[in-house]
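Here is the note you asked for on this model. The points are numbered so that you can reply to each in turn.

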Amino acid sequence: MTDTSGVPRPVGRRTVLIATGATAATLAVGAAAAPGAPAAPDTAPVAAAAVCTLTKEMTEGPYHLDGQYVRADITEGKAGIPLKLNLTVVDDDTCVPLAGALVELWHADALGEYSGFVGNNGHDEPDDGTFLRGGVLTDARGVAAITTVYPGWYRGRCVHIHVKVHTNVTVTSDGHFTGGQELHTGQLFFNETVTTAVARVSPYSTNTVTRTTLAQDSIYDEGGAASGLLTLTALGSTPAAGYTGTLTLGVER
(Lines give C-alpha, C1' and ligand atoms only; values in the text may rest on other atoms or scores of the structure.)
Protein backbone atom coordinates (compact mmCIF):
# COMPACT_ATOMS: atom_id res chain seq x y z
CA MET A 1 0.00 0.00 0.00
CA THR A 2 0.97 3.67 -0.38
CA ASP A 3 -0.29 6.72 1.43
CA THR A 4 -1.12 9.96 -0.37
CA SER A 5 2.43 11.14 0.09
CA GLY A 6 3.58 8.48 -2.34
CA VAL A 7 5.71 6.59 0.21
CA PRO A 8 5.43 2.83 -0.43
CA ARG A 9 4.48 0.43 2.30
CA PRO A 10 5.76 -3.16 1.91
CA VAL A 11 3.39 -5.74 0.47
CA GLY A 12 3.85 -9.24 1.79
CA ARG A 13 2.31 -11.65 -0.68
CA ARG A 14 4.66 -13.52 -3.04
CA THR A 15 4.12 -13.57 -6.77
CA VAL A 16 6.07 -14.59 -9.82
CA LEU A 17 6.44 -13.05 -13.19
CA ILE A 18 6.67 -15.41 -16.13
CA ALA A 19 8.82 -14.46 -19.11
CA THR A 20 8.32 -16.47 -22.28
CA GLY A 21 11.11 -18.00 -24.31
CA ALA A 22 12.96 -21.24 -24.81
CA THR A 23 15.81 -20.27 -22.49
CA ALA A 24 16.51 -17.53 -19.97
CA ALA A 25 19.09 -16.10 -22.36
CA THR A 26 16.35 -15.20 -24.82
CA LEU A 27 14.37 -13.07 -22.38
CA ALA A 28 13.45 -9.69 -23.80
CA VAL A 29 10.50 -8.66 -21.67
CA GLY A 30 10.77 -4.94 -21.09
CA ALA A 31 12.53 -4.29 -24.39
CA ALA A 32 10.50 -2.02 -26.64
CA ALA A 33 10.24 -1.75 -30.38
CA ALA A 34 11.26 1.59 -31.82
CA PRO A 35 8.29 3.83 -32.61
CA GLY A 36 8.60 3.07 -36.34
CA ALA A 37 9.12 -0.67 -36.05
CA PRO A 38 6.63 -3.04 -37.73
CA ALA A 39 4.00 -4.63 -35.54
CA ALA A 40 4.49 -8.18 -34.37
CA PRO A 41 1.71 -10.78 -34.70
CA ASP A 42 -0.92 -10.47 -31.96
CA THR A 43 -0.18 -13.74 -30.22
CA ALA A 44 -0.39 -14.64 -26.54
CA PRO A 45 2.64 -15.88 -24.61
CA VAL A 46 2.91 -19.68 -24.35
CA ALA A 47 3.05 -20.52 -20.65
CA ALA A 48 4.34 -24.06 -21.26
CA ALA A 49 7.60 -22.61 -22.59
CA ALA A 50 7.94 -20.11 -19.77
CA VAL A 51 10.83 -19.44 -17.43
CA CYS A 52 9.45 -18.75 -13.93
CA THR A 53 11.07 -15.87 -12.08
CA LEU A 54 10.13 -14.76 -8.57
CA THR A 55 9.30 -11.11 -8.11
CA LYS A 56 7.76 -8.93 -5.41
CA GLU A 57 4.41 -7.23 -5.65
CA MET A 58 4.06 -3.48 -6.09
CA THR A 59 2.07 -0.99 -4.04
CA GLU A 60 -1.63 -0.47 -4.77
CA GLY A 61 -1.35 3.31 -4.58
CA PRO A 62 -3.98 5.86 -3.48
CA TYR A 63 -6.39 5.79 -6.46
CA HIS A 64 -8.05 2.36 -6.36
CA LEU A 65 -11.87 2.14 -6.47
CA ASP A 66 -13.72 -1.10 -5.76
CA GLY A 67 -16.24 -2.89 -7.97
CA GLN A 68 -15.41 -1.57 -11.42
CA TYR A 69 -16.92 -2.75 -14.73
CA VAL A 70 -16.01 -6.05 -16.34
CA ARG A 71 -15.17 -4.94 -19.87
CA ALA A 72 -12.47 -5.40 -22.49
CA ASP A 73 -12.33 -1.70 -23.47
CA ILE A 74 -11.84 0.79 -20.64
CA THR A 75 -11.20 3.94 -22.69
CA GLU A 76 -14.68 5.53 -22.56
CA GLY A 77 -13.62 7.78 -25.42
CA LYS A 78 -10.66 9.29 -23.57
CA ALA A 79 -8.15 10.87 -25.92
CA GLY A 80 -4.78 9.18 -26.17
CA ILE A 81 -2.49 6.83 -28.06
CA PRO A 82 -4.03 3.34 -28.41
CA LEU A 83 -2.65 0.63 -26.15
CA LYS A 84 -3.67 -3.01 -26.55
CA LEU A 85 -2.63 -5.15 -23.58
CA ASN A 86 -2.30 -8.93 -23.59
CA LEU A 87 -1.63 -10.09 -20.04
CA THR A 88 -1.31 -13.82 -19.33
CA VAL A 89 -1.99 -15.16 -15.84
CA VAL A 90 -0.48 -18.48 -14.74
CA ASP A 91 -0.20 -20.54 -11.57
CA ASP A 92 3.25 -19.97 -10.09
CA ASP A 93 3.67 -23.60 -9.00
CA THR A 94 2.84 -25.20 -12.35
CA CYS A 95 3.08 -22.41 -14.95
CA VAL A 96 -0.35 -23.55 -16.14
CA PRO A 97 -2.57 -20.73 -17.51
CA LEU A 98 -5.25 -19.60 -15.07
CA ALA A 99 -8.62 -19.32 -16.84
CA GLY A 100 -11.48 -17.26 -15.41
CA ALA A 101 -9.28 -14.95 -13.34
CA LEU A 102 -10.23 -11.29 -13.38
CA VAL A 103 -7.42 -8.89 -14.32
CA GLU A 104 -8.31 -5.41 -13.08
CA LEU A 105 -6.58 -2.26 -14.32
CA TRP A 106 -6.70 1.43 -13.48
CA HIS A 107 -4.47 4.29 -14.60
CA ALA A 108 -4.21 8.00 -15.31
CA ASP A 109 -5.33 9.64 -18.54
CA ALA A 110 -3.07 11.66 -20.84
CA LEU A 111 -3.14 14.61 -18.42
CA GLY A 112 -2.27 12.46 -15.43
CA GLU A 113 -5.78 12.50 -13.95
CA TYR A 114 -7.54 9.47 -12.44
CA SER A 115 -11.30 9.04 -12.72
CA GLY A 116 -12.88 9.73 -9.36
CA PHE A 117 -10.00 12.04 -8.45
CA VAL A 118 -9.85 14.55 -11.33
CA GLY A 119 -8.06 17.74 -10.35
CA ASN A 120 -5.40 16.08 -8.23
CA ASN A 121 -2.89 16.64 -11.04
CA GLY A 122 -3.91 20.23 -11.70
CA HIS A 123 -6.16 19.77 -14.74
CA ASP A 124 -9.87 20.46 -15.07
CA GLU A 125 -11.93 17.90 -17.01
CA PRO A 126 -15.18 15.90 -16.66
CA ASP A 127 -15.05 13.05 -14.15
CA ASP A 128 -17.45 10.11 -14.35
CA GLY A 129 -15.53 8.00 -11.82
CA THR A 130 -15.05 5.08 -14.23
CA PHE A 131 -12.86 6.07 -17.20
CA LEU A 132 -9.69 4.01 -17.61
CA ARG A 133 -10.86 1.52 -15.01
CA GLY A 134 -12.14 -2.02 -15.40
CA GLY A 135 -11.29 -5.65 -15.66
CA VAL A 136 -11.66 -8.67 -17.89
CA LEU A 137 -11.79 -12.42 -17.25
CA THR A 138 -8.92 -14.46 -18.65
CA ASP A 139 -9.75 -16.94 -21.41
CA ALA A 140 -8.83 -20.65 -21.55
CA ARG A 141 -5.22 -19.65 -22.36
CA GLY A 142 -5.05 -17.44 -19.27
CA VAL A 143 -5.02 -14.29 -21.42
CA ALA A 144 -6.71 -11.00 -20.52
CA ALA A 145 -6.96 -8.74 -23.58
CA ILE A 146 -7.72 -5.14 -22.67
CA THR A 147 -7.91 -2.01 -24.84
CA THR A 148 -6.98 1.32 -23.29
CA VAL A 149 -4.79 4.35 -24.02
CA TYR A 150 -1.15 4.97 -23.16
CA PRO A 151 -1.16 6.46 -19.64
CA GLY A 152 -0.05 9.97 -18.82
CA TRP A 153 1.97 10.99 -15.77
CA TYR A 154 1.29 12.82 -12.54
CA ARG A 155 3.43 14.46 -9.87
CA GLY A 156 6.22 12.27 -8.55
CA ARG A 157 5.52 9.11 -10.56
CA CYS A 158 6.64 7.69 -13.87
CA VAL A 159 4.11 6.38 -16.39
CA HIS A 160 2.47 3.20 -15.07
CA ILE A 161 -0.69 1.10 -14.86
CA HIS A 162 -2.02 -0.50 -11.68
CA VAL A 163 -3.07 -4.14 -11.85
CA LYS A 164 -4.83 -6.62 -9.58
CA VAL A 165 -5.61 -10.29 -10.22
CA HIS A 166 -8.72 -11.79 -8.60
CA THR A 167 -10.27 -15.25 -8.69
CA ASN A 168 -13.84 -16.41 -8.05
CA VAL A 169 -15.40 -13.00 -8.60
CA THR A 170 -19.11 -12.56 -9.24
CA VAL A 171 -20.13 -10.48 -12.25
CA THR A 172 -23.27 -8.56 -11.32
CA SER A 173 -26.26 -7.93 -13.56
CA ASP A 174 -25.13 -4.33 -14.17
CA GLY A 175 -21.70 -5.42 -15.41
CA HIS A 176 -19.61 -4.80 -12.29
CA PHE A 177 -17.71 -7.40 -10.25
CA THR A 178 -17.77 -8.23 -6.59
CA GLY A 179 -16.33 -10.73 -4.11
CA GLY A 180 -13.64 -13.28 -4.89
CA GLN A 181 -10.06 -13.52 -3.73
CA GLU A 182 -7.32 -11.03 -4.54
CA LEU A 183 -4.16 -12.90 -5.60
CA HIS A 184 -1.88 -10.15 -6.83
CA THR A 185 -1.38 -6.39 -6.68
CA GLY A 186 1.21 -4.84 -8.97
CA GLN A 187 2.10 -2.18 -11.49
CA LEU A 188 2.99 -2.23 -15.18
CA PHE A 189 5.78 0.02 -16.48
CA PHE A 190 6.80 1.45 -19.84
CA ASN A 191 10.06 1.77 -21.76
CA GLU A 192 11.43 5.29 -21.34
CA THR A 193 12.33 5.73 -25.02
CA VAL A 194 8.75 5.01 -26.04
CA THR A 195 7.31 7.26 -23.33
CA THR A 196 9.56 10.11 -24.47
CA ALA A 197 8.16 9.78 -28.00
CA VAL A 198 4.59 9.58 -26.70
CA ALA A 199 5.08 12.69 -24.55
CA ARG A 200 5.62 14.78 -27.71
CA VAL A 201 2.18 13.86 -29.07
CA SER A 202 -1.04 15.73 -28.20
CA PRO A 203 -2.76 15.55 -25.72
CA TYR A 204 0.23 14.26 -23.71
CA SER A 205 2.24 17.30 -24.79
CA THR A 206 -0.28 19.55 -23.02
CA ASN A 207 0.29 17.89 -19.62
CA THR A 208 1.70 20.75 -17.55
CA VAL A 209 3.27 18.56 -14.85
CA THR A 210 7.00 17.76 -14.94
CA ARG A 211 7.42 14.10 -15.89
CA THR A 212 9.23 11.69 -13.57
CA THR A 213 11.29 9.22 -15.60
CA LEU A 214 11.50 5.48 -15.07
CA ALA A 215 14.96 5.86 -13.52
CA GLN A 216 13.72 8.57 -11.14
CA ASP A 217 10.62 6.69 -9.96
CA SER A 218 10.32 5.78 -6.27
CA ILE A 219 8.42 2.53 -6.94
CA TYR A 220 10.06 0.99 -10.02
CA ASP A 221 13.31 -0.71 -8.95
CA GLU A 222 14.99 -1.20 -12.35
CA GLY A 223 14.21 -4.92 -12.24
CA GLY A 224 12.94 -5.08 -15.81
CA ALA A 225 10.38 -7.81 -16.44
CA ALA A 226 10.64 -8.97 -12.84
CA SER A 227 9.34 -5.55 -11.81
CA GLY A 228 6.50 -5.29 -14.33
CA LEU A 229 8.20 -3.72 -17.36
CA LEU A 230 6.01 -4.41 -20.40
CA THR A 231 7.21 -5.58 -23.78
CA LEU A 232 5.98 -2.88 -26.18
CA THR A 233 5.52 -3.33 -29.91
CA ALA A 234 4.63 -0.47 -32.26
CA LEU A 235 1.38 -0.78 -34.21
CA GLY A 236 2.50 1.58 -36.95
CA SER A 237 5.19 3.92 -38.19
CA THR A 238 4.49 6.73 -35.71
CA PRO A 239 3.83 6.81 -31.96
CA ALA A 240 0.28 8.02 -32.63
CA ALA A 241 -0.54 4.62 -34.18
CA GLY A 242 -0.22 3.00 -30.78
CA TYR A 243 1.39 -0.02 -29.17
CA THR A 244 0.72 -3.50 -27.91
CA GLY A 245 1.94 -4.37 -24.44
CA THR A 246 2.52 -7.94 -23.24
CA LEU A 247 3.50 -9.51 -19.96
CA THR A 248 2.82 -12.82 -18.23
CA LEU A 249 2.00 -12.72 -14.52
CA GLY A 250 2.32 -15.75 -12.27
CA VAL A 251 0.30 -15.70 -9.07
CA GLU A 252 0.44 -17.77 -5.90
CA ARG A 253 -2.89 -19.49 -5.34
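1. Salt bridges, total. A salt bridge here is a side-chain nitrogen of Lys or Arg within 4 Å of a carboxyl oxygen of Asp or Glu. By that rule the structure, which is a predicted model, holds 8 salt bridges. The next three points take up some of them.

2. Arg71 and Glu76. These two side chains form a salt bridge with an N to O distance of 2.9 Å. Are the partners buried or exposed? Arg71 is buried, because its relative accessibility is 17% and the cut-off for buried is under 20%. Glu76 has a relative accessibility of 33% and therefore counts as partly exposed.

3. Lys78 and Glu125. The closest N and O atoms of this salt bridge are 2.5 Å apart. The pair connects distant parts of the chain, with the two positions 47 residues apart in numbering: Lys78 sits in the loop between β2 (50-56) and β3 (82-91), and Glu125 in the loop between β4 (102-106) and β5 (133-137). Glu125 has a relative accessible area of 13%, so this residue is buried.

4. Other charged pairs. Arg141 and Asp139 are joined by a salt bridge at 3.0 Å, N to O. Both partners are partly exposed: Arg141 has a relative accessibility of 48%, and Asp139 has 28%. Elsewhere, a network of salt bridges links Glu60, Lys164 and Glu182.

5. Overall make-up. The chain contains 1 helix and 12 strands. Their order along the sequence is β-β-β-β-β-β-β-β-β-β-α-β-β. Of the 253 residues, 52% are buried. The accessible surface of the chain is about 10500 Å², and carbon and sulfur atoms account for 55% of this area. Among contacts with a separation of 6 or more, 78% are between residues 24 or more positions apart.

6. Nonpolar cores. Which residues touch the most other members of the largest nonpolar core? They are Leu105 and Tyr150, in a core of 38 residues. At least two residues of this core come from each of β3, β4, β6 (143-149), β7 (160-167), β10 (181-189), α1 (192-198), β11 (231-234) and β12 (243-251). A second core, separate from this one, has 7 residues, including Met58, Phe189, Ile219 and Leu229.

7. Surroundings of Leu105. With neighbours within four places in sequence set aside, Leu105 is in contact with Ile74, Leu85, Leu87, Leu132, Arg133, Gly134, Ile146, Ile161, His162, Val163 and Leu188. Leu105 falls within β4, which spans 102-106. Of the listed contacts, Ile161, His162 and Val163 fall within β7, which spans 160-167.

8. The four-stranded sheet. An open sheet is formed by 4 strands in the order β5-β4-β7-β10, with antiparallel pairing. Its edge strands are β5 and β10, each of which pairs on one side only. From one strand to the next the twist averages 20 degrees. Strands of a sheet pair through backbone hydrogen bonds, in parallel or antiparallel fashion.

9. Pairings within that sheet. β4 and β5 run antiparallel and are joined by 5 bridges; Glu104 has Gly135 in β5 as its bridge partner. β7 and β10 also run antiparallel, with 8 bridges between them. Here Thr167 stands opposite Gln181 in β10.

10. Burial of β10. Is this edge strand enclosed or exposed? Of the 9 residues of β10, 7 are buried, so the strand is largely enclosed by the rest of the structure. This reading sits alongside the pairing of β10 on one side only.

11. Gly156. This residue is in the loop between β6 and β7. Its relative accessibility is 46%, so Gly156 counts as partly exposed. Where sequence neighbours within four places are left aside, the residues in contact with Gly156 are Thr212 and Asp217. Gly156 and Thr213 are 57 residues apart in sequence, and their C-alpha atoms are 9.2 Å apart in space.

Definitions and conventions
Residues are numbered from 1 along each chain as its sequence is written. This is a predicted model: local features need pLDDT of at least 70, side-chain atom pairs count only at pLDDT 80 or more; totals for chains, interfaces and linings use all residues. Side-chain values use heavy atoms; hydrogens and water are left out. Buried means under 20% relative accessible area, exposed over 50%, partly exposed in between (1.4 Å probe, protein chains only). A nonpolar core is a set of buried Ala, Val, Leu, Ile, Met, Phe, Trp, Tyr and Cys residues joined through side-chain atoms within 4.5 Å. Contact means heavy atoms within 4.5 Å. Two strands pair if DSSP finds at least two bridges between them. Axes are lines fitted to C-alpha atoms, for helices over the stretch in contact, and angles run from 0 to 180 degrees between N-to-C directions. Accessible areas come from the Shrake-Rupley method with a 1.4 Å probe; for residues, only the protein chains shown count as cover.
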